[in-house]
Amino acid sequence: MALYKTLTISPETKVFIWKIEESIDELKAGISLTEKNLIRFNSMKSDLHQKGFLSIRHLLKEINLTDADLIYDEFGKPHLDKGRFISITHSFNFTAIIYSTQTEVGIDIEKQRDKILKIAHKFTPIEEYKTIANADALISKLTIVWGAKESLYKIYGKKKLLFLRDIYVADFKFADEKTTGEIRFNGETYAYTVKFLEFEGFTCVFAY
């Protein structure tokens, strides 16, 4: 099985990344789904989505959890009991979770693609990036910003936030591999640490 990377953020918080290289039958081995999630799995029309769904369950095993431990709220956010927190992401052949026994967490994996240039104005003040002349560097930076905002959106867990107006990501250098982010909503400000890494044309960003 293809556990791709494990990151220990602190004794209480860890990230697990899976690279999907198995068949559906191989991923089914050793995995038990609840009746509700089995129906959800069988309704998926894409093999890639089914593989992503199953690989997430293998990542849960890394922290001694099962499919039955995940509780989804009305907004689709996954929860755990006993003061534990989790966030889940899937992009093409990579999946990941971030797990913490200390704090709310969010994670996102994105494939680095040109199309982010066309939608950037919808989620970040694009004029702030005009000094970046290299197209690949611009795609990389915008993908990190998008992933950071997606991670913060997952932490908040409700549908009312607007990426452009309510979620702020501080500028950063690639070499730092981290920045800060804030959710600014209803007169309240919530601050988080954001970290990121790049691999095989993908970007993983997580917040806590």
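Reader: What makes residues in the lining of the largest pocket nonpolar, polar or charged, and how many fall in each class?

Author: Ala, Val, Leu, Ile, Met, Phe, Trp, Tyr, Cys and Pro count as nonpolar, Asp, Glu, Lys and Arg as charged, and the others, Gly among them, as polar. By that rule the lining has ten nonpolar, eight polar and seven charged residues. This is a predicted model: local features need pLDDT of at least 70, side-chain atom pairs need 80 or more, and totals for chains, interfaces and linings use all residues. Numbering starts from 1 along each chain as its sequence is written, and side-chain values use heavy atoms, without hydrogens and water.

Reader: Why is the space called a pocket?

Author: On a 1 Å grid over the protein atoms alone, a pocket is an open set of points where a 1.4 Å probe fits, with protein on both sides within 12 Å along at least five of seven lines; lining residues have an atom within 4 Å of a point. The largest pocket has 25 of them, with Arg-40, Tyr-72, Gly-76, Ile-88 and Lys-154 nearest its centre.

Reader: What is the volume of the second largest pocket?

Author: About 280 Å³, where volume is the space filled by probe spheres set on the points, joined across faces, edges and corners.

Reader: What makes S9 and S10 a pair?

Author: Strands are DSSP runs (E, at least two residues), numbered from the N terminus. Two of them pair if DSSP finds at least two bridges between them. S9 (residues 178–185) and S10 (residues 188–199) have eight, in the antiparallel sense, and therefore pair. Phe-185 stands opposite Glu-188 in S10.

Terms used:
Helix = DSSP H or I, 4+ residues; strand = E, 2+ residues; numbered from the N terminus.
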